[in-house]
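Please look at how the strands of this chain pair up. The report below takes the hairpins before the wider sheet.

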Amino acid sequence: MYLRFTSRTNADGSVVRYVALAHNRRVDGKIKPDVLMNLGRVDRVDVEGLRRLAASIDKHFGEDGAGAEAGLAAGAGPLDVVDARSIGSTWLLDGLWRRLDVGAAVRAAADARRFTTNMERVLFALVANRAVAPMSKLSAAEWAGQDTVIPGLTGMDDDHAYRAMDLLIDADTCGRVQEAVFFAVANLFNLEVDLLFFDTTSTYFERDTEDDGDDAFRRFGHSKDHRSDLPQIVIGLAVTKEGIPVRCWCWPGNSNDQAVLAEVRDDMRDWKLGRVITVVDRGFSSADNLAYLRRADGHYIAGMRMRDGNPLVERVLARQGRYQQVKDNLRVKEVRIDGSDVRFVICHNPDQAMRDKQHRDDAIARVEAELERIRDQRERDARRPVADKARKKNEAAHARAECALRDHPTLGRWLVQQPNGRLKVNKAKVKAEERLDGKYLIATSDPHISAEDVALGYKNLLEAERGFRDLKSQLLLRPVFHRLEHRIRAHVLICWLALLLIRVAERATGQTWRNINRQLGRISQVTLAGPAGTVVQTTPLRPEHKAIYQALSVQPPARVTAFDPQ
């Protein structure tokens with residue numbers, strides 16, 4: 001007598017499992033299961049009642065010695081472990097994947113195609129691999145078939161992975177997959193989308209040359225990874241103030257930040273999100289970009305460049321007024337300029353002001369020490385005889401030292417060249433920089449949002465930068481091994497889906513994904529085989545495991561998932 005488990009797949013792809021009390025009987029020389037009692041759905045079974053029944057059986061027939069001897073006498077033998085795979089993290093991600101209806105959007109694109117393997121499950125395996133143990137597509141196929149449990153997928157190879165990537169790009173035409181997923185997340189967690197934060201980054205390719213042609217994708221450009229010697233692509237990311245990624249974009253590596261914002265604004269306008277304030281950094285604050293963001297009743301919060309000599313910025317900084325304390329390390333002052341409906345907010349961080357002053361003093365001290373060294377050496381050489389050959393050689397060395405100091409990436413900004421060619425510290429530059437210690441300037445077109453919310457909203461732009469940091473470090477966005485443009489875009493989109501799932505998990509549990517993945521990685525699914533049959537069993541869940549599943553409303557894996565009697 002044993003517990004028999006069966007499952008049924010609904011039209012929406014969800015799987016419902018049932019359990020019954022059964023025993024085997026021999027009919028015409030074959031073993032057939034005979035159901036004695038249906039216990040109903042697995043998630044509604046009175047587990048405590050079954051445990052009390054098992055305890056009663058152990059009490060009367062013995063738990064270890066007598067029970068084991070009775071089992072051996074009945075013909076049962078010891079069980080061998082034939083397989084063991086991790087299941088905790090992938091089971092959680094699969095529950096989120098189903099709740100967010102990611103698979104529905106992918107299946108809609110695959111309805112007209114015939115595949116021998118479920119491509120939606122293959123795509124989920126690629127996303128789960130990127131979140132749990134990121135590796136190449138070839139290694140991910142082996143990981144999904146040998147190392148972990150992907151619900152609904154028995155195995156896959158690298159060809160399946162590439163087909164799933166192509167299918168994802170077809171399904172995401174005009175951002176359809178991203179739109180459906182985001183609105184599912186917004187409805188599920190009641191996200192506020194009145195503020196959208198946008199920023200760009202770049203990722204490089206390990207090759208020496210860029211692609212050829214006018215529509216080339218991997219191009220040389222301004223590298224934010226400080227690898228200007230390698231071709232790259234530019235990636236854009238929009239996130240909510242909670243850090244939930246909304247949408248991602250990919251552009252050729254030579255794209256300029258100022259040129260891509262109009263495309264981003266048009267794409268987000270098609271989603272009809274309602275009243276949205278777009279938050280951008282100083283790299284996007286050109287007059288044309290800010291005017292474009294105001295189309296169709298849109299508004300913006302934008303960081304402004306303070307050191308490019310803009311006369312409007314000078315007028316704002318010259319205005320007198322009192323600062324309002326927002327936090328211990330943040331003060332704000334709102335400034336309005338006649339003839340403009342744009343509001344400016346000057347933010348001041350006292351702690352940062354002290355750091356700026358210290359860095360400037362250290363740099364000037366280094367500059368003055370080097371200038372004094374060159375001056376002393378030049379005076380010593382001047383006392384040499386005029387015919388001394390070393391005199392001209394030393395003078396050339398002094399000139400090279402001055403040129404190196406003037407062209408230094410951090411020290412050169414504090415120097416000015418005199419009419420006689422000598423260098424000195426630029427006192428006017430030092431005085432101008434003292435006015436800007438710990439300050440940054442924000443502009444907004446929204447007439448209703450408070451100055452405090454403007455400052456705090458702009459600081460939340462760090463969530464976009466955090467998203468890029470996790471994409472590159474935790475999800476291993478690079479190295480990118482793909483050559484074709486649509487495969488590169490698919491790789492970025494897979495990383496974006498993985499980032500979305502881990503952000504949702506972090507927001508619901510209040511823990512980092514690193515900790516969640518480590519905890520759930522200790523849950524394994526073990527396959528045991530013996531003379532009586534094969535049973536697939538999950539290791540017991542600890543309280544911290546149950547808390548994570550409960551926080552995300554995901555049913556944990558069953559204790560016994562399958563039993564196949566001989």
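D28 takes a positive phi near 55° in the hairpin of strand 2 and strand 3, where 2 residues lie between the strands. Helices (H or I, at least four residues) and strands (E, at least two) are DSSP runs, numbered from the N terminus. This model is predicted: local features need pLDDT of at least 70, side-chain atom pairs count only at pLDDT 80 or more, and totals for chains, interfaces and linings use all residues. Residues are numbered from 1 along each chain as its sequence is written, and side-chain values use heavy atoms, without hydrogens and water.

Strand 1 and strand 2 also form a hairpin, with 5 residues between them. In its turn, G13 has a positive phi of about 95°. Two strands pair if DSSP finds at least two bridges between them.

| Pair | Sense | Bridges |
|---|---|---|
| Strand 1 (residues 2-9) and strand 2 (residues 15-27) | antiparallel | 8 bridges |
| Strand 2 and strand 3 (residues 30-41) | antiparallel | 10 bridges |
| Strand 5 (residues 195-204) and strand 8 (residues 277-280) | parallel | 3 bridges |

V19 in strand 2 stands opposite F5. The bridge partner of V19 in strand 3 is G40.

Now the open sheet. Its 9 strands follow the order 7-6-5-8-9-15-12-11-10, with mixed pairing. Strand 7 (245-252) and strand 10 (324-327) are the edge strands, each pairing on one side only. The twist averages 25° from one strand to the next. Angles run from 0 to 180 degrees between N-to-C directions, with axes fitted to C-alpha atoms, for helices over the stretch in contact (heavy atoms within 4.5 Å).

F197 stands opposite V279 in strand 8. Helix 9 (residues 257-269) lies across strand 5, strand 7 and strand 8. Helix 9 runs at about 135° to strand 7.
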